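This briefing covers a predicted model. The points below are grouped by topic.

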Amino acid sequence: MRLWRLLIMLPVVLFVSQAAWCAGLGARDVEGFIGTMQELKPYFDQFADEAEDDGDATSTSRIMGDWAQSLKGKREVEGTLKKHGFDFDSWGAVSQQVTQAYMALKLGKDGADVLGQMQQSVDEIQASKDIPADSKALMIEQMKQSMVEMEKTLATSPENQEAVKPFIPQLDTIFEWQE
């Protein structure tokens, strides 16, 4: 479930960020991201609890999208972002880069296997006679979107991965990564 939340979070960060990609990550960017997420995580946890996240990809996707929308215009969130050197758009861009670099490092060579497993799931959904056609189409579309984001993640620049590498333990805590 944690991996699904992270995979679903990637498109949300894309949605949140209307700014162009930053030139690249530095230690200050990653530290600012960590500080911001440490303060904003309770907002997400509360939102997910209230929204009754049942842990499937559809539910988590909806909750993450709703949560991202709910943050815009909140003074306390804007204050938190400013305290860590961001505005809403720059935080979105840095969040995207940090998250993708983190996932690229965590998945490493296994990333191709994950993509293969995702494709296998798509094939199984397509072949299933037990899933209604409209549900099947939605599930396949969601999986394909996740696969596109995974491909972007695996193509993350080595420079961004190097910037994130010293912060893996803090990011593991934020993303609740469990080996």
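**Core and overall make-up**

The largest nonpolar core has 34 residues, and those that touch the most other members are Phe33, Trp91, Val98, Val164 and Leu171. At least two residues of this core come from each of helix H2 (27-50), helix H4 (75-83), helix H5 (88-107), helix H6 (110-127), helix H7 (133-154), helix H8 (158-164) and helix H9 (168-175). H5 gives the largest share of this core, 8 residues.

- The protein contains 9 helices and 0 strands, and its pattern along the sequence is α-α-α-α-α-α-α-α-α.
- Of the 179 residues in the protein, 44% are buried.
- Among contacts in the protein with a separation of 6 or more, 80% are between residues 24 or more positions apart.
- Apart from neighbours within four places in sequence, valine 164 contacts Leu25, Val30, Val98, Ala101, Tyr102, Leu105 and Leu171.
- Val98 and Leu171 thus appear both in the list of contacts of valine 164 and among the core residues that touch the most other members.
- In soluble globular proteins, nonpolar side chains tend to be buried together.

**Helix H9**

- Ile168, Leu171, Asp172, Ile174 and Phe175 are the buried residues of H9.
- These residues lie on the same side of H9, because the arc they cover around the axis is only 165 degrees.
- Pro169 and Thr173 are exposed, on the other side of H9.
- Glutamate 176, just after H9, has a positive phi of about 55 degrees.
- Lysine 41, located in helix H2, contacts Ile174 and Glu176 when its neighbours within four places in sequence are left aside.
- Lysine 41 has a relative accessible area of 17% and is therefore buried, the limit being under 20%.

**Packing of H5 against H9 and H7**

- The axes of H5 and H9 are 11 Å apart, and the two helices pack at an angle of about 105 degrees.
- H5 is therefore roughly perpendicular to H9, a class that takes in angles from 65 to 115 degrees.
- On the H5 side, Val98, Thr99, Tyr102, Leu105 and Lys106 meet Ile168, Leu171, Asp172 and Phe175 of H9.
- H5 and H7 cross at roughly 85 degrees, their axes coming within 8 Å.
- H5 is therefore roughly perpendicular to H7 as well.
- Gln100, Met103, Ala104 and Leu107 of H5 make the contact with Glu149, Met150, Lys152, Thr153 and Leu154 of H7.

**Salt bridges**

- The structure has 4 salt bridges, and the bullets below describe some of them.
- Lysine 106 and aspartate 172 form a salt bridge in which the closest N and O atoms are 3.2 Å apart.
- This pair ties together parts of the chain 66 residues apart in sequence, because lysine 106 lies in helix H5 and aspartate 172 in helix H9.
- Aspartate 172 has a relative accessible area of 19% and so counts as buried, the limit being under 20%.
- Lysine 106 and aspartate 172 are also listed among the residues through which H5 and H9 meet.
- Glutamate 39 and lysine 83 form a salt bridge with the closest N and O atoms 2.8 Å apart.
- Distant parts of the chain are linked by this pair, with glutamate 39 in helix H2 and lysine 83 in helix H4, 44 residues apart.
- Glutamate 39 counts as partly exposed because its relative accessibility is 32%, whereas lysine 83, at 56%, counts as exposed.
- Glutamate 149 and lysine 152 meet through their side chains in a salt bridge of 3.5 Å, N to O.
- About one helical turn separates glutamate 149 from lysine 152, because they are 3 residues apart in helix H7.
- An α-helix has 3.6 residues a turn, so residues three or four places apart point the same way.
- Glutamate 149 is buried, its relative accessible area being 7%, whereas lysine 152 is partly exposed, with a relative accessible area of 38%.
- Glu149 and Lys152 of H7 also belong to the contact with H5.

Methods. Residues are numbered from 1 along each chain as its sequence is written. This is a predicted model: local features need pLDDT of at least 70, side-chain atom pairs count only at pLDDT 80 or more; totals for chains, interfaces and linings use all residues. Side-chain values use heavy atoms; hydrogens and water are left out. A nonpolar core is a set of buried Ala, Val, Leu, Ile, Met, Phe, Trp, Tyr and Cys residues joined through side-chain atoms within 4.5 Å. Buried means under 20% relative accessible area, exposed over 50%, partly exposed in between (1.4 Å probe, protein chains only). Helices (H or I, at least four residues) and strands (E, at least two) are DSSP runs, numbered from the N terminus. Contact means heavy atoms within 4.5 Å. The arc is that of the directions from the helix axis to the C-beta atoms. Axes are lines fitted to C-alpha atoms, for helices over the stretch in contact, and angles run from 0 to 180 degrees between N-to-C directions. Angles under 35 degrees count as roughly parallel, over 145 as roughly antiparallel, 65 to 115 as roughly perpendicular and the rest as oblique.
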